[in-house]
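Welcome! Please take a look at the sequence and the structure below, and then read on for a short guided tour.

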Amino acid sequence: MLSLTKKSDAQPVAAPLWHTNFRNFDRLPDTKVVRTTFFINTAAIAVTIGMLLLLGHREYTNYNIGEQKAEAQRQIDSNKKQDADALRLSKLFLDEEKKLNEILAFVKVPVTPAEFIDLIGQSLPKDISIDNAEGRITDPKNSVFQIRGRVAGSPDQASGIASSYVDTLRAHAKLGRIFDPITLNRLDRDPAGGFMSFDISLTVKLEKK
């Protein structure tokens, strides 16, 4: 009979091979198909290009804004002289219009200043003296004559004389037709004594259309 023996029992086990590994992995070349440094360089270049594009866009935008500002300033400078001329002509026109209105108002007044003084002198009582008279006739719709003077007598007498004088002016044939209202504005004691100072305004009637 053949004896059955195991192969392991028939042959001795060989010892594993061994040798020292002298490889320096840090200095070995990168044998990958696509090296890692390629991705790093590509990313760095992409970031750099992106920053350059962003910077260029900002510079271009700032350049456009500067050009727009310069163009606006040129337009302002070119229109400044025209605006100054327009303002000067407008002021000149307003001044001339004011003068013309004053002339028209003076012409339209139904009584001249000289005629007014003459009428006041004719209607003046003996107890009243006129210190000054003036006329404001620059506005056709608001022409006013004004007389200031003094009334002799005590305060009660002077007050009665002044009121009576105003009534006389209102009843005057021509003055009453030209002026309305005729108003006694003030009646004050004169500091010198023995007199009362008065102020009477006569407003020219507006023409009826």
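**What surrounds helix α3**

The buried residues of α3 are covered by elements that include β1 (128-136), β2 (144-152), α4 (155-171), α5 (175-178), β3 (179-189) and β4 (195-204). Keep in mind, as you explore, that this is a predicted model.

**The two sides of α3**

- Helix α3 spans residues 113-122, and its buried residues are Phe-116, Leu-119 and Ile-120.
- Looking down the axis of α3, you would find these buried residues within an arc of 100°, so they line one face of the helix.
- Here is a handy rule: an α-helix has 3.6 residues a turn, so residues three or four places apart point the same way.
- On the face of α3 turned away from the buried side, you can find the exposed residues Ala-114 and Gln-122.

**Just after the helix: Ser-123**

- Ser-123 sits in the loop between α3 and β1.
- Is Ser-123 buried or exposed? Its relative accessible area is 11%, and buried means under 20%, so Ser-123 is buried.
- Setting aside neighbours within four places in sequence, Ser-123 is in contact with Tyr-165, Leu-169, His-172 and Leu-175.

**A nonpolar patch on the surface**

- Which residues make the nonpolar surface patch of about 310 Å²? They are Ile-45, Ile-49 and Leu-53.
- One of them, Ile-45, belongs to helix α2, which covers residues 36-108.
- Ile-45 has a relative accessibility of 52%, and exposed means over 50%, so Ile-45 counts as exposed.

Conventions:
Residues are numbered from 1 along each chain as its sequence is written. This is a predicted model: local features need pLDDT of at least 70, side-chain atom pairs count only at pLDDT 80 or more; totals for chains, interfaces and linings use all residues. Side-chain values use heavy atoms; hydrogens and water are left out. Buried means under 20% relative accessible area, exposed over 50%, partly exposed in between (1.4 Å probe, protein chains only). Helices (H or I, at least four residues) and strands (E, at least two) are DSSP runs, numbered from the N terminus. The arc is that of the directions from the helix axis to the C-beta atoms. Contact means heavy atoms within 4.5 Å. Patches are made of residues with over 30% relative accessible area and no salt bridge: like charges are joined within 9 Å, nonpolar side chains (Val, Leu, Ile, Met, Phe, Trp, Tyr) within 5 Å. Accessible areas come from the Shrake-Rupley method with a 1.4 Å probe; for residues, only the protein chains shown count as cover. A salt bridge is a side-chain nitrogen of Lys or Arg within 4 Å of a carboxyl oxygen of Asp or Glu.
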